[in-house]
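This report describes how the strands of one protein chain are arranged and where its nonpolar residues gather. The reader is invited to follow each section with the structure in view.

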Amino acid sequence: MQKEPIYKLLKFYDFFETKEPDQFSSPDGMSINVGEVVVVWRFGKIGLVTDSLERLENFLNCFSILLPSSNLERKFYKIFQEIPEEKPDSSFQALEFHEAFWDCECEKDFVHRKDTLLVCPKCNAHQEDQPDSLAHEVADHI
Ligand SMILES: [Zn+2]
């Protein structure tokens with residue numbers, strides 16, 4: 001059976017290599033022998049003999065959840081944190097101007113029609129010096 005996926009799986013479940021080749025141990029007291037089949041020892045007893053990666057995964061998964069010393073929860077938490085949240089980027093919202101209106105410098109009622117007013121009687125701003133009104137401002141004004 002292929003050993004690479006097993007090594008990866010064991011690493012994920014915090015197993016570390018022992019001095020013996022293809023022998024792994026976990027801080028939770030399990031040890032695993034990877035050969036023609038995978039043999040899982042738990043506290044000196046055989047817990048599982050399998051040649052299926054899926055069964056090994058299921059087995060490790062069960063015990064990881066049961067054992068309080070497992071830091072899998074932290075790992076999953078970390079994985080979730082690394083998923084970037086999708087945020088709407090407000091900088092993509094282009095500002096829409098309304099060509100028929102302009103803004104004077106008053107704090108209130110600064111939206112004026114271009115065809116009826118050239119100079120604001122209150123702040124003296126000239127239409128030609130001032131920007132077009134924003135479309136949503138015009139909408140509010142009307
Ligand atoms: Zn004004």
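**The five-stranded sheet**

In this predicted model, five strands are arranged as an open sheet with antiparallel pairing, in the order β1-β2-β3-β4-β5. The edges of this sheet are occupied by β1 (16-17) and β5, each of which pairs on one side only. At the β1 edge, strand β2 (residues 23-25) runs antiparallel to β1 and is joined to it by two bridges. Within this pair, E17 is placed opposite F24 of β2.

At the other edge, I46 belongs to strand β5 (residues 45-50). Is I46 buried or exposed? A residue is classed as exposed if 12 or fewer other C-beta atoms lie within 10 Å of its own. I46 has 10 C-beta neighbours inside 10 Å and therefore counts as exposed. When residues up to four places away in sequence are not counted, I46 touches V39 and W41. M30 lies 16 residues from I46 in sequence, and their C-alpha atoms are 9.7 Å apart in space.

**The nonpolar core**

The largest nonpolar core of the model consists of 11 residues: L10, Y13, F15, F24, M30, I32, V38, V40, L56, F59 and L60. At least two residues of this core are supplied by each of β3 (30-34), β4 (38-42) and α2 (53-66). Which element provides the largest share? It is α2, with three residues. One member of the core, F59, touches V40, G47 and L48, with residues up to four places away in sequence left out of the count.

**The three-stranded sheet**

A further open sheet has three strands in the order β7-β6-β8, and its pairing is antiparallel. β7 (111-113) and β8 (132-134) are the edge strands; each has a single partner strand, so one side of each lacks a neighbour in the sheet. On average, neighbouring strands of this sheet are turned by 70 degrees against each other, direction ignored. The antiparallel pairing of strand β6 (residues 97-103) with β7 extends over three bridges. Among the bridge partners, D103 is matched with V111 in β7.

**Strand pairs compared**

The table sets out two of the strand pairs described above.

| Strand pair | Sense | Bridges | One residue pair |
|---|---|---|---|
| β1 and β2 | antiparallel | two bridges | E17 and F24 |
| β6 and β7 | antiparallel | three bridges | D103 and V111 |

Note on methods. Residues numbered from 1 in each chain as written. Predicted model: local features only at pLDDT ≥ 70, side-chain atom pairs only at ≥ 80, totals over all residues. Pairing = 2+ DSSP bridges. Helix = DSSP H or I, 4+ residues; strand = E, 2+ residues; numbered from the N terminus. Axes fitted to C-alpha atoms, helices over the stretch in contact; angles between N-to-C directions. Buried ≥ 20, exposed ≤ 12 C-beta atoms within 10 Å, placed from the backbone. Contact = placed C-beta atoms within 7 Å. Core = buried A, V, L, I, M, F, W, Y, C linked by C-beta atoms within 7 Å.
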